[in-house]
Amino acid sequence: MNTYEILRSARSIHLLALTTLFQAAAWGQLQITSFQGDGTLTWNDPGATGTNNYAVEWASSLNGNWSSWQDAAGRLSGLGASGSVAVPMFYRVVATDPTNAATQRYTYFQELPPLDPLTPLATNEMRIIFMGSMIPLPVRRAQAEMSVFVQVGWSNDPNDRVYGGRARDQFIFDCGAGCSANFAAAVVGFRRMDKVFINHLHGDHMSDLSHIYCFGPAADRKTPLYVWGSKPSGVENPASPGTFYDDGTSNFCACLRQALRWHSESFSFQSTCYSNYVPPTKEQWGLPHDPVPVCGDSPYDAYAMVPIELDFEKIGGVAYDNAATEAKVTHYPVIHCRKGSMGYKLEWTTPEGKTLSMIYSSDTKPETNSIAQASNNGNGVDVFIHEMVVPPAVWAYKNMGLSAAPVEGDALYPEYVQTVQGLTFVQNSSHTPQGAFGYLLSQIEPKPRLTVATHFPVADDTVASAFVSVTNHCPTVQMGRDLVWSFDLMALRVFPDRIEQRRLAVSDYSFNPPVQLDGGTCPPKYNDGNGSGNPYAQIDTSASISPTNTDGSVNYRIDGY
Ligand SMILES: [Zn+2]
Ligand SMILES: [Zn+2]
């Protein structure tokens, strides 16, 4: 039984509820065929799979318990393909089929038109690609943890044999576990991955930073890695009053860089810098402070990590403002787990002078800053990306490996109740429930051209449920036109006059795109004295097996075969 966590509906808004349920029927789910003023409901199950049956659960008050499924099943006449029932003030729809394959696919995404990832951007395009879209626990094969890759504009370059040109600017927002595989599938080479904006330092938002850092210099990011994030939170350590951890981005980068020393040294028989690189200045990039590498690394070196610490308390603080590319990133505080979490807004001016804008809230409970930023003084934004969580009840039973919530008396019921309680704490302190997302959206004027729910375990059932929760507050919102749920490798092509949603057509067996260097490189750190790298400089070869023996006999071929 999959729960379609649904509707908070008073009879006075019956018509509204009816509208939303008709919209939800687009997924081949339960269709409410009539809804009378006295609360009588009739339904029809189009049964897309031939197996889906649904019923309605109800609660008699806002905070009242939902009636159990068994109770509902017992009390509903005509349960199945169609029937009718009188429902009280609050109700939600539940499905009965434990094998419902809806949890194993996200049809909306699969039906998007494909896009070749090597398609050049238009000169007036902002392209947003989701490289990760999942709440943690777990990293899914279908969904890596959060990462949003954004490119703006285009310049042709016949010498660029991979892309035939390059975006005028590009940004990574968050880089959670597993997203690297999607960057590779989307044929995004490391040279396009040099600016990372971290919304907060949870593992699901930064753990692939180590991969980006480690392997960029071995490929074609022969320049430092720039990492934006919050200053220290300033939260007192309750176990030792008066003390404060340095949990800011600079210290994070310094510790990470030190931890990756073995890696960086081991790869430094290859060149890690350009001979002609000119590091950006604070003025050129509009940074809040000078870009200084951690741990004393050279600002010319690809293994330099350069933190840009932001004052998370500032609303509209400037993180990056590049006059040459016309791209600007600002930040604002959100509410998530611990002080220091920020949302980012990217604004880019097209060659024709139109501003395209995107907000990425990252993780947050419902708060007012996102509403104000998205309303944007009455100008609105083009794309508003905001997190959402499934209801704690659904989250709990899915985490417990169940297809439905256990009922009272079930052996798993006590554990389930405890899990729901724990997840409710998590939700209320740090995340945005489905219905609250709808409320937030209802408060934004003008509405974003496209709103995207992210950090969400998508599948047909969870999305259908969430859509109804949202439309309960925003009844006119249409799936696809106004609102979508993100998925890995979903691409949004944002133009001044339209937004196209695409599914990147990728290979699951990708290699990195060809390395392309932008100029002459410096001699490697471990070299042979003549400027060539020496891969043997750091190893003891005394026990190695040679291809050939001193008597000339052969052990193995040196060409690898
Ligand atoms: Zn988080
Ligand atoms: Zn998260």
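How do strand β20 (residues 383-387) and strand β21 (residues 450-454) pair, and over how many bridges? They run in the parallel sense, with five bridges between them; the first legend picks this up. This is a predicted model, so a pLDDT of at least 70 is needed for local features and 80 or more for side-chain atom pairs to count, while totals for chains, interfaces and linings use all residues. Residues are numbered from 1 along each chain as its sequence is written, with chains lettered from A and ligands numbered from 1 in the order in which they are written.

**View 1. An open sheet of seven strands, with mixed pairing.** The order here is β16-β17-β18-β19-β20-β21-β22. Strands are DSSP runs of E with at least two residues, helices are H or I runs of at least four, and both are numbered from the N terminus. Pairing takes at least two DSSP bridges between two strands. At the edges stand β16 (317-322) and β22 (483-485), each with a single partner strand, so one side of each has no neighbour in the sheet. From one strand to the next, the twist averages 15 degrees. Zoom in on the parallel pair β20 and β21, and you'll find Ile 385 opposite Val 452 in β21.

**View 2. The open sheet of nine strands, from β7 to β15.** Its order reads β7-β24-β23-β8-β9-β12-β13-β14-β15, again a case of mixed pairing. The edge strands, β7 and β15 (305-310), each pair on one side only. Helix α7 (residues 249-259) lies across β14 (225-230) and β15, and it runs at about 160 degrees to β15. That angle lies on a scale from 0 to 180 degrees between N-to-C directions, with axes fitted to C-alpha atoms, for helices over the stretch in contact.

**View 3. A hairpin of β23 and β24, with four residues between the strands.** Strand β23 (residues 490-494) is antiparallel to β24, and five bridges join the two. Look for Arg 493 opposite Glu 500, and for Val 494 opposite Ile 499. Strand β24 (residues 499-504) also pairs with β7 (residues 114-115), this time in the parallel sense and over two bridges. There, Pro 114 has Arg 503 as its bridge partner.

**View 4. The largest nonpolar core, with 112 residues.** Such a core is a set of buried Ala, Val, Leu, Ile, Met, Phe, Trp, Tyr and Cys residues joined through C-beta atoms within 7 Å. Buried means 20 or more other C-beta atoms within 10 Å of a residue's own, exposed means 12 or fewer, and partly exposed is in between, with C-beta atoms placed from the backbone. Val 150, Val 196, Phe 197, Val 227, Met 358 and Val 383 touch the most other members. Helix α14 (residues 460-471) gives the largest share, six residues. At least three residues come from each of domain 1 (3-103 + 391-483) and domain 2 (107-389 + 484-504), whose bounds come from an automatic or database domain assignment.

**View 5. Phe 197 and the residues it touches.** Leaving out residues up to four places away in sequence, Phe 197 touches Phe 171, Ile 172, Phe 173, Trp 228, Ala 319, Val 329 and Tyr 344. A contact here means C-beta atoms, placed from the backbone, within 7 Å.

**View 6. Helix α14, largely enclosed by the rest of the structure.** Why that description? 12 of the 12 residues of α14 are buried, so the helix is largely enclosed. Among them are Asp 460, Asp 461, Phe 467 and Thr 471. Its reach from first C-alpha to last is 16 Å, close to the 16 Å expected at 1.5 Å a residue; the expected span is 1.5 Å times one less than the number of residues.

**View 7. Loop backbones with a positive phi or a cis peptide bond.** Ser 362, in the loop between β19 (355-360) and α10 (368-375), has a phi near 60 degrees, positive although Ser 362 isn't a glycine. With 25 C-beta neighbours inside 10 Å, Ser 362 counts as buried. In the loop between β21 and α14 sits His 455, another non-glycine with a positive phi, about 60 degrees. His 455 has 28 C-beta neighbours inside 10 Å and so counts as buried. The peptide bond from Glu 445 to Pro 446 is cis, with omega near -10 degrees, and Pro 446 belongs to the loop between α13 (434-443) and β21.

Notes. Contact = placed C-beta atoms within 7 Å.
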